[in-house]
Amino acid sequence: MIRIQEILDAVSANNPNADLELIQRAYVFAAAAHAGQTRLSGEQYLSHPLAVASALVEMGFDEATIAAGLLHDTIEDTKANLEGIEENFGENVADLVDGVTKISLIPFENKEEAQAENIRKMILAMSHDVRVLMVKLADRLHNMRTLNFQKVHKQRRIAQETMDIYAPLANRLGLHSLKRDLEDLSLQYLWPDVFNQISHWLETHKVVEKQIIDKVVSLITDLLASNGIHGDVYGRIKHLYSIYKKMQSQSLALDEMHDIMAFRVLVDDIKDCYAVLGLVHSQWRPVHGRFKDYISMPKSNGYRSLHTTVIGPEGERIEIQIRTEDMHKQAEHGVAAHWVYKENGRIHSRDLEQFSWLREIFERQSEEADSREFMRSLKMDLFKDEVYIYTPAGDIKELPEGAMPLDFAYLIHTQVGQHCAGAKVNGRLVPLHTELKNGDCVEIITDSARNPNRDWLKLVKTAKARNRIQHYLRTEERTHAIALGREMLEKEGRKVSLNVGKALKDGHLALVAHDLNYENVDELVAAVGYAGVTPRRVLNRLYAVLHPEEVAATVAPPSVAKDGGQRKSEGVTVSGVNDVLMRFAKCCNPVPGDAIVGYISRGMGISVHRNDCPNVANMETERILSVHWSNGEQKPYEAGIFIIAKNEHGVLAAVTQILAKNKVNITELTLETRVDGRANLHFTVEVGNSTQLYELIEAIRVLPFILEVVRDSEGVD
């Protein structure tokens, strides 16, 4: 266990004037609060806050942040309260502890919602004080280092969340050392076989690799000295997850990897950076397309360096980074490397230029009520590397790798994106699906008659563009629903001699809306269009308003009491609409986890299809709308599994045993034997979500006599 004196010594070495007494008092308070508590490892619980504080010291943070690291679990896990922390340590430390605690103490209906909203709260906490996230990152780092004491399913869930959110966040904040640690630790639990394979390979090749590294370091050092440049040279093997990503992206086996070594040259000033680059390129042949100048065009997180890849002395590809000492501090420690203290010790995101991407997330999150959609947008913001694009005026704009002209258009202005009709890249007209490259000059052509369509969602790579397009489509869908609802009401009204237009003008329809618990007439008419309420039910109420003395008239058929508009939406919701009549399409049998769309069918409510259902392509686009799975009660959904197997004894029994083992109910089964010695099996089963369905398919696939198994709606020849 780390000792408090080690932390105090490290803080003092970084800052001789540091308030060590504040950290010491925080330690004593935490030790008393956590007395008697242990972690799953059997260690004293105090070992965790000490490890968090130590990580914050390594990142270079101030005494208040380190004290908050020691105290971060006291409110949640002990009898301590916020008032006591503020009284003992001041408002600054109390606010940090409160910010970290609030992220954890939120009640949710299910794990998916909890994860999404926890991440959302954590991101938003940064708008108050960036250090809240730093404490949370340090907390996650130690939890990952002790993850082996958790159950296997928790290990995978925590590691996946770390890979999806925490490591990319560390990267965007410039905390590259922390990012590398989080990625390697996540790899160990997500793909243990790959982790062990790479680790073993590196261990068996470490002698040869060290010899090459020592040789290249010596050659570069001599090159600097002979040209009068002062600098330090370092070499290393790239971290495990970096190697794994390269294997994946280039479809390489370990023995085919050639550029797993990286070298760093630290010099005194920017002029020397470019001088060293020239010397390296004169010594070894550079690899085309592998030079990046992050000094003249820094990354959004403030990272600056020159990157080049050359063919080294042993014929190996080697990556060389060239930067100054200050750039290196920024690269390793990000925001902590140039901490800007204010009078109250806080730093707001707007105080640092590198948080421009984060400010956009703050602004956008208020528009997105669904936490899971916010998570999707956040991942789009975090995961991509950057490309730098020029406007016709010569301004530089940053976009994620893989971005297209529509992303650039929305980055310039929402209205430019909404009316984008085409684009010129480097003076030439290009399709909207053209992928933009570093250094492209992009000009957007607009047309006021052009508006977004659903196909645009397949093209964009930025969360901003996606959210703006979705907002427009939702608005359009509502407009279509209102128009369709009014058409349906007027048509049915004419059949029973009710003038719906006049009732609207006279205010009678507003009374009906109020009577049916809708906020206004538009909400009522949209509900008719969405099939949330039937036209006949609305007309019944309207007749009662117009002819109160004849409430018992024959306008209402006996079936009114069975109006489907009051049915639950079966686990699927439409943005802004409640109690919509839903039915799941039998052609594709969607289950939770599938990407889905809704289709407004006259008089039959909304049919829900999978996005990839072949029937969707033939539907009227103006009647397709966005729907998503809600967080309602867990229930079984029917799904199909189609199997082609060898027609052998025990096939059916083996498959049904797998289904029984997974507690899956079979609602229908058909079996057809074929003349070629094979058998077709069609199962209809009840599952909770798509993950469970595909896990079943994979479990069946490994049976020795199975030739093919797919989801039934996909079909097999």
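This passage looks at one strand hairpin and two loop residues in a predicted model.

The hairpin is built from strands S6 and S7, with five residues sitting between them. S6 covers residues 386-390, while S7 covers residues 396-400. The two run antiparallel to each other, and their pairing extends over five bridges. One of the pairs can be picked out by name: Ile-389 has Lys-397 of S7 as its bridge partner. In the turn, Gly-394 takes a positive phi of about 95°. As for its surroundings, S6 is largely enclosed by the rest of the structure, because four of its five residues are buried.

Positive phi also turns up away from this hairpin, at two residues that aren't glycines. For Asn-589, phi comes out at about 45° even though the residue is not a glycine. Asn-589 belongs to the loop that links strand S12 (582-584) to strand S13 (596-601). Is this loop residue buried or exposed? With a relative accessibility of 17%, Asn-589 falls under the 20% cut-off, so Asn-589 counts as buried.

Lys-663 is the other case, with a positive phi of about 55° and, again, no glycine to go with it. Here the loop runs between helix H24 (651-661) and strand S17 (665-673). The relative accessibility of Lys-663 is 78%, which is over the 50% cut-off, so Lys-663 counts as exposed. Put side by side, the two loop residues both have positive phi, at about 45° for Asn-589 and about 55° for Lys-663, yet Asn-589 is buried whereas Lys-663 is exposed.

Note on methods
Residues are numbered from 1 along each chain as its sequence is written. This is a predicted model: local features need pLDDT of at least 70, side-chain atom pairs count only at pLDDT 80 or more; totals for chains, interfaces and linings use all residues. Side-chain values use heavy atoms; hydrogens and water are left out. Buried means under 20% relative accessible area, exposed over 50%, partly exposed in between (1.4 Å probe, protein chains only). Two strands pair if DSSP finds at least two bridges between them.
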